Amino acid sequence: QIMLNASHTHTGPVLRGGLYDIYPLNAERIKRIEEFSARMENSIVRITGEALKNLEPVTLKHGIGISRFGVNRRNNNERNVPQIRANGEPLKGPVDHDVPVLSVHDGEGRLVAAAFGYACHATVLSDYKWSGDYPGYAQVFFEQAHPGAVGLFWAGCGADVNPLPRREVELAEKYGRELAATVDATLAGEMKPLAARLDSVYREIDLPFEKIPTRTEIEANLKSENRYDQGRARVQLRRLKKDSRLAPTYPYPVATWRLGDELTFVSLGGEVVVDYALRLKRELGQATWVAGYSHDVMAYIPSLRVWNEGGYEGGGAMLYYGLPSRWDSTVEQQVITEALRQAATLRQPAQQK
């Protein structure tokens, strides 16, 4: 019943084992990464333990707002977006502009926390200064507006959605302020109370790769002029040395919570494209929230549409993650099938489970 969700940022430190071989790392940098990663892991475990020791009765409420700065990056040229908007023309491609909000109130009705999500990459910034990008600013602005309350952001299925325009700190602040304002407006509206019930299920499914390269193919990539091909080859040779083979599948995490009697919260691993959230809402109803970047971030997770179209999210990004190939074409159906199975299980009366 614990969800680990990465808000995601392109202005944060590298973590242990995360994309090591795409960076020019020396021994000193690796040592610093190892030390930081250990501190972060210990902090998460410690803080979780402290939270479990300090439980208190609360009331939960939920609602959904709308924020429109997320743009499908596969279907819109970044440079053209401001002019398209100025012309009043529609942008192309699927998006999920919902801002789900879960509010937490103490016994006297005071707001003590709010968890809110949005399906958009945290990629406004790309410099070498540390930042939580627009989600970090959203949390700051929310907490300024609600002294003593904690703002918690969770990333939705926004792997193919960018905040556009971007590249400027002022824009990260702007989007963060807009998101925080949406949360405030939602809190001020008709929030629905949740019954005091939580059911959950977690499972890892074996998600297959399309192809497993031979040792000869891997060794040939060591001589490639592309340093990312070289990096992936080094990753794969280390795995061969350790396990004597490359696994044909990846243990992909899927979890579902049933909050109260009506809210279904699905959390998926990896950088999940927006099609998953839109499909699960169609299948399970609008009282469905879907998070990506949860439990493990191993690669992009394309829908069949994106898989067929190809490109970065469709398979090209697997190179940087060090994985042997793109996913098999059944990736969407396998993930959706498991999520629907879990949701159906949680909706059954307890005696039937």
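Q: Helices are DSSP runs of H or I with at least four residues, strands are DSSP runs of E with at least two, and both are numbered from the N terminus. Where is Pro165 found in those terms?

A: This is a predicted model. In it, Pro165 is in the loop between β6 (161–163) and α4 (169–188).

Q: What form does the peptide bond from Leu164 to Pro165 take?

A: The angle to read is omega, which is near -5 degrees for this bond, and the bond is cis.

Q: Which sign does phi have at Arg167, positive or negative?

A: Positive: phi of Arg167 is about 85 degrees, although the residue is not a glycine. Arg167 is also in the loop between β6 and α4, and at 48% relative accessibility it counts as partly exposed.

Q: Where does Asp133 lie, and is it buried or exposed?

A: Asp133 lies in helix α3 (residues 133–145). With 0% relative accessibility, Asp133 is buried. Its phi is near 55 degrees, again a positive value in a residue other than glycine.

Q: How many disulfides does a search of the whole structure find?

A: The test is a distance: two cysteine sulfur atoms must lie within 2.5 Å. The search finds 0 disulfides.

Q: Why is there no bond between Cys120 and Cys157?

A: The cysteine sulfur closest to that of Cys120 is in Cys157, 13 Å away, which is too far for a bond. Seen from Cys157, the closest cysteine sulfur is that of Cys120. As for burial, Cys120 has a relative accessible area of 5% and is buried, and Cys157 is buried at 0%.

Q: How do the axes of α7 and α11 cross?

A: Two values describe the pair: the axes of α7 (residues 275–284) and α11 (residues 331–347) come within 11 Å and cross at roughly 40 degrees. An angle under 35 degrees would count as roughly parallel, and 65 to 115 as roughly perpendicular. The two helices are therefore oblique to each other. The crossing of α7 past α11 is right-handed.

Q: Which residues of α7 meet α11?

A: A general point first: an α-helix has 3.6 residues a turn, so residues three or four places apart point the same way. On the α7 side, the residues in contact are Tyr276, Arg279, Leu280, Glu283 and Leu284. Their partners in α11 include Val335, Ile336, Ala339, Leu340 and Ala343. The residues of this contact divide into 9 nonpolar, 1 polar and 4 charged.

Q: How many residues of α7 are buried?

A: The helix is mostly covered, with 7 of its 10 residues buried. Among them are Tyr276, Arg279, Leu280 and Leu284, which also meet α11. Just after α7, Gly285 has a positive phi of about 105 degrees.

Q: What does Pro100 touch, leaving out residues up to four places away in sequence?

A: Pro100 is in strand β3 (residues 98–105) and is buried, at 7% relative accessibility. With those sequence neighbours left out, it touches Gly63, Ile64, Ala115, Phe116, Gly117, Trp154 and Trp289.

Q: How are separation along the chain and separation in space to be read for Pro100 and Thr182, and for Thr48 and Gly231?

A: The two numbers are read side by side. Pro100 and Thr182 are 82 residues apart along the chain, with their C-alpha atoms separated by 9.8 Å. Thr48 and Gly231 are 183 residues apart in sequence and 35 Å apart, C-alpha to C-alpha. Thr48 is in helix α1 (residues 27–53) and is partly exposed, at 28% relative accessibility.

Note on methods
Residues are numbered from 1 along each chain as its sequence is written. This is a predicted model: local features need pLDDT of at least 70, side-chain atom pairs count only at pLDDT 80 or more; totals for chains, interfaces and linings use all residues. Side-chain values use heavy atoms; hydrogens and water are left out. Buried means under 20% relative accessible area, exposed over 50%, partly exposed in between (1.4 Å probe, protein chains only). Axes are lines fitted to C-alpha atoms, for helices over the stretch in contact, and angles run from 0 to 180 degrees between N-to-C directions. Angles under 35 degrees count as roughly parallel, over 145 as roughly antiparallel, 65 to 115 as roughly perpendicular and the rest as oblique. A crossing is left-handed if the near helix is turned anticlockwise from the far one by less than a right angle, and right-handed if clockwise. Contact means heavy atoms within 4.5 Å. Ala, Val, Leu, Ile, Met, Phe, Trp, Tyr, Cys and Pro count as nonpolar, Asp, Glu, Lys and Arg as charged, and the others, Gly among them, as polar.
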